[in-house]
Amino acid sequence: MSSGPELEPNDPTDDSESLTLEQAAFTDTPGQYLTVVDRHHRDQEMVTDLKALYSDRCQVCGDRRARPDGTGFSEVHHIHPLGNPHNGPDTSDNMLVLCPNHHADFDNGVIAVDADTLTISHPYDRSIDGRSLMLRDDHTLDTTHLTYHNENIVSRSDATDHPSNTT
Ligand SMILES: [Zn+2]
């Protein structure tokens, strides 16, 4: 005769998880709202951890920018861009720690990085052209994102190394 309340760990009506009334008040679709918040929070943690792993040194040039008080300043780049139309993943294997200049070069499609050798190509920055991307042991890179960058973001205005001229 079990008169006590039965625990049903898989109650299908209970999808509240970490939902609070305060968060639910923001939107008619609290599930979506929470997903965005959680993802943003995770992303910020990954970004902070990754910057610390490299001590704010640029993975391309090795420079460490600093604020007047000596704390480092670096930026994190998503190799395979987030959002439409690219829809890259928000994961550390898709992230690089960069100085502002080389972050801009990635965004502008000026820098290419060979997915197999991690060799950097830059059309006019001789200080980094031919160097290897710095990669710490604790940072796993999904090199398919580099391939995506090279094929979709890098703009090849020079046709000099394209011998196949079919027109
Ligand atoms: Zn740099």
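# A tour from Cys-58 outward

Select Cys-58 to begin. Setting aside neighbours within four places in sequence, Cys-58 contacts Asp-63, Ser-74, Val-97, Leu-98, Cys-99 and His-102. Keep in mind throughout that this is a predicted model.

Next, add the largest nonpolar core to the selection. This core has 15 residues, and the members that touch the most others are Cys-58, Val-60, Leu-96, Val-97, Leu-98, Ile-111 and Val-113. Two elements each give two or more residues to the core: strand E4, residues 95-98, and strand E5, residues 112-113. Strand E4 supplies the largest share, 4 residues. In soluble globular proteins, nonpolar side chains tend to be buried together.

Now move to helix H4, which spans residues 143-152, and pick out its buried residues: His-145, Leu-146 and His-149. Turn the view to look down the axis of H4; the buried residues fall within an arc of 105°, so they line one face of the helix. An α-helix has 3.6 residues a turn, so residues three or four places apart point the same way. Show strand E5 again, since it is part of what covers the buried residues of H4.

Finally, show the whole protein and colour it by secondary structure. There are 4 helices and 6 strands. Read from the N terminus, the elements follow the order α-α-β-β-β-β-α-β-β-α. Of the 167 residues in the protein, 17% are buried. Among contacts with a separation of 6 or more, 48% join residues 24 or more positions apart.

Methods: Residues are numbered from 1 along each chain as its sequence is written. This is a predicted model: local features need pLDDT of at least 70, side-chain atom pairs count only at pLDDT 80 or more; totals for chains, interfaces and linings use all residues. A nonpolar core is a set of buried Ala, Val, Leu, Ile, Met, Phe, Trp, Tyr and Cys residues joined through C-beta atoms within 7 Å. A residue is buried if 20 or more other C-beta atoms lie within 10 Å of its own, exposed if 12 or fewer, and partly exposed in between; C-beta atoms are placed from the backbone. Two residues are in contact if their C-beta atoms, placed from the backbone, lie within 7 Å. The arc is that of the directions from the helix axis to the C-beta atoms.
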